[in-house]
Amino acid sequence: MDWFPHRNGELYAEQVPVTDIAEQFGTPAYIYSRKGFEEGFKAYQQALAGWPHLICYAVKANSNLAVLNVLAKLGAGFDIVSVGELERVIAAGGEASKVVFSGVGKQRHEIRRALELGIHCFNIESDTELERIQQEAQALGKVAAVSVRVNPDVDARTHPYISTGLKDNKFGIDIKTAPAVYQRAAELPNIEVLGVDCHIGSQLTSKEPFIDALDRLLLLVDQLRDMGIILKHLDIGGGLGIAYEAHEQPPTPSEYLGQVKERLAASEHHKHLNIVVEPGRSIAAQAGMLVTSVELIKQSDHKAFTVVDAAMNDLLRPAIYSAWHDIEPVVTNNGRQEILCDVVGPICETGDFLGKDRKLSLAEGDLLAVRSAGAYGFGMSSNYNSRCRPAEIMVDCDQVHQVRRREKLADQWADETLLPEG
Ligand code: LLP
């Protein structure tokens, strides 16, 4: 389902022409569809119906308060990786008791805050961290629920920078040494062993690596049972990909989780396991786009460049992962001649492009929509080249809400100071 339909040659966000939004709020701007996020989340609810579960939206994908609030209202839990994300969840009306805390470097103050708020579970990534959590929980007189994030050594077959489940990656605890960590956890007075966790990577477009990892996790569950450690939940992480390009055909949440449920139902020892998932991209990516204006077209002897007002500081994915995002004119039947061009921003880096070798019909002043930018878009933006970060707009049927105002220049240096005179 596309929340950004074309009507009479014009792109809409739900029921509102994108041109109107750009006129009102300027460009570059992220435009989100409330329904897009909601339906993305509901696809997981439907996929897991009939099985005890917790859907923890990965906050890092898009952490705007309005996004978190929309999901919290549907009952979402949240996967966080910092105290900043935790406080965002709380500020947006999310429940701490549905939060899982991932990440290899949780700091003591972050652990304390999570314990104070009573999060659901810490996904621990090292034996050192286990001891640290025990100490902090003891000091606060609390019990910390933990899962061990294991590294199953499975190739996610995705971009190397977003692959996390291989031996060489910094994430998780080697599945072979995990039993010893569980043994230790079971002995610690302020630790409750809740489950097992794994996340093998992001933008996976086939089920096989997930199922491979699941099978390895289930062997561990059995091994732990033999040691007298009974797990209550199985956190299979996030990672389900989306179709950035038409030829990509990732499984739907139902196809993927249907198979997970089948695998669990097959054994008496696994039927009781709660399923926890941590999807980010597959909920958020297609719920957003980045709208930018064409500044000018630069034609050299052998190449044309369309210079737009958005850049790698606004959407970093093409620059760091050579990621593809569809780019289309907001007004499609614009009568312009088609050109082959690179769509680039004004930043002083060769890597500053949003798309290469695109066929587009456009002219100065036209609006372009960079699609599937609702995940890892604004969240990875920066002020590089002293550029203000874009506005974020959420459309809800025919209503348009600015959910983050465009940054002002003065915001950028508000916390900077000059050296004293002399
Ligand atoms: N859980 C954990 C522990 C994670 O590290 C991640 C993503 C997720 C869940 C959510 O994964 P998702 O469902 O969104 O694939 N910046 C990159 C993606 C980095 C993902 C990092 N971890 C990009 O733009 O493609």
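Let's start in the loop between β9 (144-151) and β10 (173-174), because that is where D153 lies, and a residue counts as partly exposed when its relative accessible area falls between 20% and 50%. This is a predicted model, so please hear everything that follows as computed from that prediction. D153 is not a glycine, and yet its phi is positive, about 55°. Is D153 buried or exposed? In between, as it turns out: its relative accessibility is 29%, so D153 counts as partly exposed.

Now please turn to Y376, in the loop between β19 (367-370) and β20 (391-396). Y376 is not a glycine either, and its phi is positive at about 55°. How does its surroundings look? Y376 has a relative accessible area of 15%, and since buried means under 20%, Y376 is buried.

One more loop while we are here. Between α1 (18-25) and β4 (29-33) you will find P28. The peptide bond that joins T27 to P28 is cis, with an omega of about -5°.

Let's move on to a helix. Which residues of α4, covering 83-91, are buried? They are V83, E85, L86 and V89. If you look down the axis of α4, those buried residues fall within an arc of 160°, so they line one face of the helix. And what covers them? The cover includes two helices, α3 (65-73) and α5 (108-117), along with the strands β6 (77-80) and β7 (99-101). After α4 comes G93, which has a positive phi, near 90°.

Next stop, helix α6, residues 127-140, where E136 lies. Here is a glutamate that counts as buried, because its relative accessibility is 8% and the cut-off for buried is under 20%. What does E136 touch, leaving aside residues up to four places away in sequence? Its partners are R108, I111, R112 and L115. Two of those names, R108 and R112, are arginines, if you want to find them on the screen.

Keep R112 in mind, please, as we go over to A13. A13 is in strand β2, residues 10-13. Its relative accessible area is 0%, so A13 is buried. Leaving out residues up to four places away in sequence, A13 touches W3, F4, V18, I21, I31, V395 and C397. So how far is A13 from R112? They sit 99 residues apart along the chain, and their C-alpha atoms are separated by 41 Å.

Let me step back to the whole chain. It holds twelve helices and 21 strands. For 422 residues, a compact globule would have a radius of gyration near 22 Å, and the chain has 23 Å, which agrees. Along the principal axes, the C-alpha atoms fill a box of roughly 70 × 65 × 40 Å.

What share of the 422 residues is buried? The figure is 54%. Among contacts with a separation of 6 or more, 69% come from residues 24 or more positions apart.

Finally, the outside and the charges. The accessible surface of the chain is about 18300 Å², and carbon and sulfur atoms account for 49% of that. The chain carries 42 positive and 58 negative charges, and the mean positions of the two sets are 3 Å apart.

That's my tour, thanks for listening!

Definitions and conventions:
Residues are numbered from 1 along each chain as its sequence is written. This is a predicted model: local features need pLDDT of at least 70, side-chain atom pairs count only at pLDDT 80 or more; totals for chains, interfaces and linings use all residues. Side-chain values use heavy atoms; hydrogens and water are left out. Helices (H or I, at least four residues) and strands (E, at least two) are DSSP runs, numbered from the N terminus. The radius of gyration is taken over C-alpha atoms; the globule rule is 2.2 Å times the number of residues to the power 0.38. Buried means under 20% relative accessible area, exposed over 50%, partly exposed in between (1.4 Å probe, protein chains only). Contact means heavy atoms within 4.5 Å. Accessible areas come from the Shrake-Rupley method with a 1.4 Å probe; for residues, only the protein chains shown count as cover. Lys and Arg count as positive and Asp and Glu as negative; His and the chain ends are not counted. The place of a charge is taken as NZ of Lys, CZ of Arg, CG of Asp or CD of Glu. The arc is that of the directions from the helix axis to the C-beta atoms.
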